[in-house]
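Please walk me through this structure in my viewer, one selection at a time. Tell me what to pick next and what I should find there.

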Number of protein chains: 2
Amino acid sequence: MEQQVDGQHGGVWDACANSAVRRAARRLGQLYDDAIEGSGLRATQFSLLAQIRLLGAPALQPLASALAMDLSALGHSLKPLLRDGLVTIEPDDRDRRVRRVSLTPAGARRLEDVERAWRAAQQRFEALVGADDAAALQRILSKVASPEFAAAFRAPAPAEDAPSE
Amino acid sequence: MEQQVDGQHGGVWDACANSAVRRAARRLGQLYDDAIEGSGLRATQFSLLAQIRLLGAPALQPLASALAMDLSALGHSLKPLLRDGLVTIEPDDRDRRVRRVSLTPAGARRLEDVERAWRAAQQRFEALVGADDAAALQRILSKVASPEFAAAFRAPAPAEDAPSE
DNA sequence: TTGATTTGCTGGCATATGCCACTATCTTGG
DNA sequence: CCAAGATAGTGGCATATGCCAGCAAATCAA
């Protein structure tokens, strides 16, 4: 029954990768936010802290790249975390343009705490979508989010003979 | 080489479905926005207009549900489109609480124009990720974004015998 | 060395999203 | 019909993101 999704305009809704990914992102945001509710962190902030921990004390630019995020967007997103004392930003000694982000002890602690709730949510996710689909999703999204994908997407249709020059 | 992603904290980055989907969403947002650049629409607005056209003249709540979006978020997102005269909101005759959104002639025209650029981007996307993966992605994301998935995710671990009661 | 260019960030403005409180309507049980 | 509860939206506040215009530091060219 579902709303005649096939008149003559169904193509956009059921084919647009961007729409589909964003829709899923909104849904997962709700679910994961609920899962770690009360921890004082949003799911997005959790991801951000985890990435910072993973990279050590990254400069903003590399961190933004790792997250496929705009530099200034990253800067904005860090503000609540700075305000709450979960991360610090300090200038690099060698290059004074560079500012490095790192977890404070409180940030590291918070991250570990929330990680338990996250793990439960993640297991719930995998159980529901199935191990195979979960793995496939990771693989495909990882490909899509990669810088190589972006470069290829933007490339002006590489000629099959001499793309150089 | 890629940044030792396997120390002892790699689990979050390479397993979190929410992080992965959001990262991909940011990337695709950039790519699709670029693809329809100059049309006067963002990719998100394009999706929104397409969904409105698909549903006819939906009330806000059903439209929000179809997009897995919060009702108030939808309201906010509609404002720029209202301001630019691409959609109108009018009260329902039967139920005066209900307000229905519909495309204006300008909105319908704009949508059709942008659709060409969108189609090119979508084809580019499918060519790059491959038809199989593109289909798998749609299928999995569609499952994840469904209301059933959310309900199951939130369900308090359904007992295998008598979930009723 | 010094001006031109590049690189790394910050800030301002705008959209994208979500939660909560509140208002306006329906709906329903008395 | 009226009060209680459910439903549909709006507005305020906060985070999430992105673009663009600076600003500062490093690098390069002459």
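Start by selecting α5 of chain B in this predicted model. With 6 residues, α5(B) makes the largest contribution to the surface near DNA strand C.

Now widen the selection to the other elements around that strand. From chain A, pick α2 (17-35), α4 (60-66) and α5 (71-83); from chain B, add α3 (43-55) to α5 (71-83). Each of these helices supplies at least two residues of the surface near DNA strand C.

**Around DNA strand C**

Next, show the side chains. How many residues surround DNA strand C? There are 28, and the closest are A:Gln61, A:Arg99, B:Thr44, B:Ser72 and B:Arg96. Colour the surface by residue class and you will find 12 charged, 9 polar and 7 nonpolar residues.

Which part of the strand faces the protein: bases, or sugar and phosphate? Among the atoms of DNA strand C within 4 Å of the protein, 68% are from sugar or phosphate, and the rest are from bases.

Zoom in on three contacts here:

- B:Thr44: one of its polar side-chain atoms is 2.3 Å from a phosphate oxygen of DNA strand C.
- B:Arg96: here a backbone N or O atom sits 2.8 Å from a phosphate oxygen of the strand.
- A:Arg97: an N or O atom of this side chain is 3.0 Å from a base oxygen of DNA strand C.

**Across to DNA strand D**

Now select DNA strand D and the residues around it. They number 28, and those that come nearest are A:Thr44, A:Ser72, A:Arg83, B:Gln61 and B:Arg99. Of the atoms of DNA strand D that come within 4 Å of the protein, 70% belong to sugar and phosphate.

Three side chains are worth a stop:

- A:His76 has a side-chain N or O atom 3.0 Å from a base oxygen of DNA strand D.
- B:His76 places a polar side-chain atom 3.1 Å from a base oxygen of DNA strand D.
- B:Arg22 has a polar side-chain atom 3.1 Å from a phosphate oxygen of DNA strand D.

For the helices on this side, highlight α3 and α5 of chain A, then α2, α4 (60-66) and α5 of chain B; each gives two or more residues to the surface near DNA strand D. Which element gives the most? That is α5(A), with 6 residues. Coloured by class, this surface shows 12 charged, 9 polar and 7 nonpolar residues.

**The two chains together**

Hide the DNA and compare the protein copies. Turning chain A by 180°, with 0.0 Å of shift along the axis, superposes it on chain B with an RMSD of 0.0 Å. The two copies are thus related as by a two-fold rotation axis. Now look at where they meet: 100% of the interface residues of chain A are interface residues in chain B as well, so the copies meet through the same surface.

**Last stop: the largest pocket**

Finally, display the largest pocket, which holds about 870 Å³ of space. Its lining has 31 residues, and A:Arg22, A:Thr44, A:Met69, B:Arg22 and B:Arg26 are the closest to the centre. To see the elements that give two or more residues to this lining, select α2, α3 (43-55) and α5 of chain A, plus α2 (17-35) and α3 of chain B. The most comes from α2(B), with 8 residues. By class, the lining divides into 11 nonpolar, 11 polar and 9 charged residues.

Key: Residues are numbered from 1 along each chain as its sequence is written. Chains are lettered from A and ligands numbered from 1 in the order in which they are written. This is a predicted model: local features need pLDDT of at least 70, side-chain atom pairs count only at pLDDT 80 or more; totals for chains, interfaces and linings use all residues. Side-chain values use heavy atoms; hydrogens and water are left out. Copies are superposed by least squares on the C-alpha atoms of residues with pLDDT of at least 70 in both. Contact means heavy atoms within 4.5 Å. A residue is near a molecule or strand if one of its heavy atoms lies within 4 Å of it. A polar contact is a pair of N or O atoms within 3.5 Å; within protein, one must be able to donate a hydrogen and the other to accept it, and residues adjacent in sequence count only if both atoms are side-chain atoms. Helices (H or I, at least four residues) and strands (E, at least two) are DSSP runs, numbered from the N terminus. Ala, Val, Leu, Ile, Met, Phe, Trp, Tyr, Cys and Pro count as nonpolar, Asp, Glu, Lys and Arg as charged, and the others, Gly among them, as polar. On a 1 Å grid over the protein atoms alone, a cavity is a set of points where a 1.4 Å probe fits but cannot get out, and a pocket is an open set with protein on both sides within 12 Å along at least five of seven lines; lining residues have an atom within 4 Å of a point. Grid points are joined across faces, edges and corners, and a volume is the space filled by probe spheres set on the points.
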